[in-house]
Every structure is written in structure tokens, then in C-alpha cells.
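Visitor: I would like to learn how to read a structure like this one. Please take one feature at a time, with the general idea before the case.

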Amino acid sequence: MSEKQINPLPLRLKQARTAMGISQKQLGIQLGMEPGTASARMNHYEKGKHTPDYTTLKAMADELGVPVAYFFCESESTAEMLCILEKMTEEERAELVERIRKD
């Protein structure tokens with residue numbers, strides 16, 4: 001049997017939040033959570049005790065300025081590349097894909 005897979009979501013969520021310089025409570029409140037429970041809810045997500053549904057995850061991604069797929073990247077380099085790609089225009093991404101295919 002293979003190694004146990006580790007869910008990258010908690011780590012990526014914490015990385016994106018700390019990169020923005022906001023607390024768990026701040027993020028939760030910005031997402032519309034009650035101030036009294038925002039920190040605890042975000043902590044549960046970052047500890048992997050609970051997994052947010054897609055709507056909540058999308059709101060987190062939008063608030064943190066990352067694509068939803070970022071939360072599922074297993075490697076640092078893939079996560080970084082995904083964020084760079086997301087900032088490119090569709091035309092720039094298409095050109096990049098063409099260049100990669102040619103190589």
C-alpha cells in the first residue's frame with residue numbers, strides 16, 4: 001500500500017493567509033463569518049479538522065488572491081507557477097502553452 005496522502009489544503013490556506021498579513025479571525029470576518037466564531041472556524045480549516053465546501057473555498061481564494069486550484073497543489077513550485085499563470089492573460093497563457101508544446 002502507498003504512503004498516506006496528505007491534504008495540501010490546510011498548508012496552502014495558511015500560506016496564502018499569512019502572505020496577505022491577516023489573522024484567521026480577519027479572514028473569517030471578511031468571508032462573512034460571525035466574529036465570535038471566525039477564528040475557530042478558520043483554525044479548523046487550517047488544521048485540516050474540517051474542509052470548506054467549494055463555495056467557501058472559492059470565497060477564500062478570491063479574498064486571498066489565489067486560484068482555487070492553488071489549495072490543492074502538492075508542491076511549492078506548482079503552487080507558485082499556478083499563481084503566476086493566473087495573473088497572465090488568456091492570450092499569454094495560450095502563447096506559453098504553444099512554446100511548451102514546441103519544446
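Visitor: Does Arg17 count as buried or exposed, and at what relative accessibility?

Guide: Keep in mind that this is a predicted model. The general idea is to compare the relative accessible area with a cut-off, and buried means under 20%. Arg17 has 9% relative accessibility, so Arg17 counts as buried. Its place is in helix 1, which covers residues 9–20.

Visitor: Which residues is Arg17 in contact with, leaving aside its neighbours within four places in sequence?

Guide: A contact list shows what surrounds a side chain. For Arg17 the list is Ile22, Ser23, Gln24, Leu27, Glu46 and Leu64. Pick out Glu46 from that list, since we can read it from the other side. Glu46 belongs to helix 3 and is buried, with a relative accessible area of 10%. Beyond four places in sequence, Glu46 contacts Pro10, Leu13, Lys14, Arg17 and Gln24.

Visitor: At what angle do helix 1 and helix 3 pack?

Guide: For a helix pair, read the angle and the distance between axes together. Helix 1 and helix 3 (residues 35–47) pack at about 125°, and their axes are 6 Å apart. An angle that is neither roughly parallel, roughly antiparallel nor roughly perpendicular counts as oblique. Helix 1 is therefore oblique to helix 3.

Visitor: Which residues make that contact?

Guide: On the helix 1 side they are Pro10, Leu13, Lys14 and Arg17, and on the helix 3 side Met42, Tyr45, Glu46 and Lys47. Sorted by class, the contact has four nonpolar residues, four charged ones and no polar ones.

Visitor: How many aromatic pairs are there?

Guide: For two rings, look at the distance between centres, then at the angle between planes. The count here is one aromatic pair. The ring centres of Tyr70 and Phe71 are 5.8 Å apart and the planes stand at 70°, so this pair is edge-to-face. Planes over 60 degrees apart get that label. Both residues of the pair can also be read for burial: Tyr70 is buried at 8% relative accessible area, and Phe71 is buried at 0%.

Visitor: What sits over the ring of Tyr70?

Guide: The next thing to check at a ring is a charged group above its face. The charged end of Arg12 sits over the ring of Tyr70, at 5.9 Å from the ring centre. Arg12 lies in helix 1. With a relative accessible area of 1%, Arg12 is buried.

Visitor: Which other residues does Arg12 contact, beyond four places in sequence?

Guide: Besides Tyr70, the list holds Phe71, Cys73, Glu74, Ser75, Glu76 and Ala79. Separation in sequence and separation in space are two readings, and it helps to quote both. Arg12 and Glu86 are 74 residues apart in sequence, and their C-alpha atoms are 16 Å apart. For Glu46 and Asp103, 57 residues apart in sequence, the C-alpha distance is 39 Å.

Visitor: Where does Gly28 lie?

Guide: A residue without a side chain of any length is read in the same steps: element, burial, contacts. Gly28 is in helix 2, residues 24–30. Gly28 is buried, with a relative accessible area of 0%. Not counting residues up to four places away, Gly28 touches Met33, Ala38 and Met42. From Gly28 to Arg93 the C-alpha distance is 32 Å, across 65 residues of sequence.

Visitor: How many helices and strands does the protein have?

Guide: For the overall view, begin with the elements and their order. The protein has six helices and zero strands, and the pattern along the sequence is α-α-α-α-α-α. The C-alpha trace spans about 55 × 40 × 20 Å along its principal axes.

Visitor: What share of the residues is buried?

Guide: Buried residues make up 30% of the 103 residues. A further overall reading concerns contacts between residues at least 6 apart in sequence: 46% of them join residues at least 24 apart.

Notes. Residues are numbered from 1 along each chain as its sequence is written. This is a predicted model: local features need pLDDT of at least 70, side-chain atom pairs count only at pLDDT 80 or more; totals for chains, interfaces and linings use all residues. Side-chain values use heavy atoms; hydrogens and water are left out. Helices (H or I, at least four residues) and strands (E, at least two) are DSSP runs, numbered from the N terminus. Buried means under 20% relative accessible area, exposed over 50%, partly exposed in between (1.4 Å probe, protein chains only). Contact means heavy atoms within 4.5 Å. Rings of Phe, Tyr and Trp (its six-membered ring) pair if their centres lie within 6.5 Å; planes under 30 degrees apart count as stacked, over 60 as edge-to-face and the rest as tilted. A charge sits over a ring if NZ of Lys or CZ of Arg is within 6 Å of the ring centre and within 35 degrees of the ring normal. Axes are lines fitted to C-alpha atoms, for helices over the stretch in contact, and angles run from 0 to 180 degrees between N-to-C directions. Angles under 35 degrees count as roughly parallel, over 145 as roughly antiparallel, 65 to 115 as roughly perpendicular and the rest as oblique. Ala, Val, Leu, Ile, Met, Phe, Trp, Tyr, Cys and Pro count as nonpolar, Asp, Glu, Lys and Arg as charged, and the others, Gly among them, as polar.
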